[in-house]
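This report begins with how confident the prediction is and then turns to the fold and to one strand with its partners. Please keep the sequence and the structure in view while reading.

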Amino acid sequence: MIKIKGVLLSTRFFFLLAPLLGTGILLPAISVAQIDTAKANQLQDVKITEYKNSKVNLSPTPVQILIGTELKRLNSLSVADAIRYFAGVQLKDYGGVGGLKTINVRSMGSNHTAVFYDGVQLGNAQNGQVDLGKFSLDNLEEIAVYVGQKPELLMPARSYAAASALYLRTAQPAFNEGKKYGLGVGLKTGSFGLINPNISYKQKISNKISLLLDASYLESNGKYKFRYKELAYDTTIIRNNSDVKSARVEATLFGLLPDSSKWNLKLYNYNSARGLPGAIVSNRFTFTQRQWDDNSFIQASYQNKRSARYNFMFNTKYAYSFMRYLDPEFKQQNGFLDNRFTETEWYISAVNLYKISGIWEVSLATDYSLQQLDANLYDFAYPKRNTGLVALASALNLKRLSIQANVLATLIAEQVKNGNQSANRQEYTPALMASWQPFQTKDFRIRSFYKSIFRMPTFNDLYYTFIGNSKLKPEYTSQYDLGFTYGHTSNGRRLAYLSLQTDAYYNLVKDKIVAIPGNNLGRWTMVNLDRVRIRGFETNIQTVWDLDLQLKLKASANYTFEKAVDISTTAFRYGDQIPYIPVHSGSARFGIDYKNLVFNYGYIYTGERYSQKANIAANYVKPWYTHDLALGANFFYHQSRFFINAEINNVFNQYYDVVLNYPMPGRNYRLTLSANF
C-alpha cells in the first residue's frame, strides 16, 4: 500500500493505473489554439437548453438534471450537496465533510435508489447504501435523478431493478482545434481546515482515442461549532472526531472504432480515513470510533450500432471494497472491537435492441453478478449472492403518444459457509409508462407510469452476527405517478427558456425491513413489519432570462408535499408520518451571469419531522432552512481560463440536525481557485 498524508492508496490500483498513466505521459503533443470565448459560451448554453427539452419534458418518468455549468456554480463540495436541490429527494446527512450521506427518493428508503456511474451500477451488497459524499463534482458533466427508471431500451437489466435511480456521468474530453492535450488544476479551501486540491489531465491519443485522468485529495479537521440545549443547559460545543482524509484517482479511456462503435474503460480508486462523531446525547460530546475505506473498480463498456435497426451494448465490471471499523470503547476478550469487511463483485451485462419499424422497438437485457462478503466476525456466514436479471422491454413511439412497457425477471441464489442461507428468489416485476401530447403544441405533455419492484435484504440484514435474520422477505414496492410537463424555448425573447414539471404520486412499500430490540437490549434483530403508504405532490420550475447581450438570469424552484405514513396492522400509532420525512420541503436557486462575473444564491427548506415512528412531542424535530451565496469570476490569460469563486454557506448560521443529535455545521466559508490550460 502507498500512504499519502494518512490515506492508503491501493497498490493494486496503482499497477492497474500505470499503463494508462504511461500512455498519457508519453504521447503529448503541445499545440496552441485560439479560443473564441463568446462563441464557446453561446454554444454551451444552447446545448444545455436543447438537452433539457428532449430529456426532461419528453420523459414519461419524472427526471431532474444538473448539467455542465449548473454543477460548477452550486455551493457544493460533493454529489450529496448537489442533489439537495432536487424535488422529492431527501438527503440523509450525519454532518460534516466526512459524514455518511445517502439519498432517499420519495420516502422509499436509500436501498431503493440505485446509483450508476457512467452507466454501470455502484453495488453494495453489504448494507445496500452508497455514500454520495465520496463522489466529487470536479470531473462530472451530469447528475440526473429518475423516478421509476430511465425511459430507454438500450440499458442494462440493472437499470430496471430499482424504484428510482441516480446517474452520474463523467465529462468526456473535448479538444479545441489543433490541440491534443489539456490540463486543469483546482483548489478548494475554507472552514474546518478544508484542503481539497484537484488535478485533471486529458490527452488526445489519436483521432479515435482519448484519455482522461482525474485525481483529488480532501482533508478536513471537521471541527465546527454547534449549539447544545438540554433543559436549562445552553452552550456552544465544538464537534469532535469528525475529521476526514481521502484520496480519489480515476482514469478513463474513450474510444471510437471504424464502424462507429463506442467503448470506454474506467479505473477507479477511493481511499479514506475518518472519525465517526456519534450522536450528541446525555451530555456526551467526545467519540473515538474510526473507519477506513478502500474502494476500487475497473469497468468497461462497448456499444455497437450494426445497422439502422440493430444496436448492441456490453458492460462488465470488477469491484473491490474494504471497510475497517474500530471502536476502542467496545472491549472484547481479544482487545477492542475491530471489524473488517471485504466485498467483491463480478458483473457482466449484454443488451440487444431491435427496431421492428419506425415506431416500434424491442430490447432484451441480461445481467449476471456474483457478490461475496468476508469479515473477521465470529461465526460469520461468508455469504455469496448469484443474481441473474433478464429484462424484456418494448416501446411504441407514435406522433403524439409514446408508450413503454417492460417485465423484469430476477433470479437470486445464495450460499453461506455457516448458518442458514436465505431462500432462493424468482420474481417477475412489470412496469408501464406513457407520455402523451394532447394539443398541437409540442410544449405540453401529460405523463404517467406504474412500476412494481422489490429489493433484496442486504448481507447485513440477513447474516450480521447476532442481528441478521436469514428468513427475511424482500421489500416490495408499487409506484403510481400522474403528471405533466411544459417546456418552451423562445429565441430572441427575454424569457428564453421555461420548464415546468408537476406530478402527483402514490407509493406502497410492503414487508418493510426494520430492526427491533430482542430479549437483550444490546442485540437487535431484523424483521419484516411495516407497510408504508406514500402520497405526494411535487412541482419544479426552471427559467432562463436573457436580459441583455451580456446579462443572463437563471431561476429555479421546487416544492414537495408528502404524506408517508405507517399503515401496518401492527403499527403502534396507525397513520403517523414515518421518521425523518417532512410533509413540506423545497428549494430555490437564483443565478446571474454578467460578463465574466457569476453570482449564485441557493435556498433549501425542510419542514418539521419526527425522529421516531410515534408522532409525539418528544420525537419532534424542528424545521430548518439554509441560505447559501457565491460570487465568482472567469478570466482568460495567455489562452488559459481561470476561475475564482467565494462561497458563504448557511449565511444566517442556523443550527440544525438532518438526523437528530447529529448537528450540522453553522456558517462556513469556501474559496475555489481553478485553471484550465
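## Confidence of the model

The pLDDT is the predictor's confidence in each residue, on a scale from 0 to 100. The structure shown is a predicted model, and its chain has a mean pLDDT of 86, with 90% of the residues at 70 or more.

Two stretches call for caution. Over residues 1–52 the pLDDT stays under 50, although the model has 89 contacts beyond four places in sequence for this stretch. Residues 518–523 also have a pLDDT below 50, and here the model shows four contacts beyond near neighbours in sequence.

## Overall make-up

The chain contains five helices and 37 strands, and 52% of its 677 residues count as buried. Among contacts with a separation of 6 or more, 64% join residues that lie 24 or more positions apart. The accessible surface of the chain is about 30,800 Å², and carbon and sulfur atoms contribute 58% of that area.

## Strand 16 and its partners

Strand 16 covers residues 262–275, and because 11 of its 14 residues are buried, this strand is largely enclosed by the rest of the structure.

Strand 15 (residues 244–256) pairs with strand 16 in the antiparallel sense over 13 bridges, and within this pairing Thr252 has Lys266 of strand 16 as its bridge partner. Five residues lie between the strands of this hairpin, where Ser260 takes a positive phi near 75°. Strand 16 also pairs with strand 17 (residues 290–305), again in the antiparallel sense, over 14 bridges; here the bridge partner of Leu267 is Ile298 in strand 17.

Methods
Residues numbered from 1 in each chain as written. Predicted model: local features only at pLDDT ≥ 70, side-chain atom pairs only at ≥ 80, totals over all residues. Heavy atoms only, no water. Contact = heavy atoms within 4.5 Å. Helix = DSSP H or I, 4+ residues; strand = E, 2+ residues; numbered from the N terminus. Buried < 20%, exposed > 50% of the residue type's maximum accessible area, 1.4 Å probe, protein only. Areas by Shrake-Rupley, 256 points an atom, 1.4 Å probe, with all protein chains shown as cover. Pairing = 2+ DSSP bridges.
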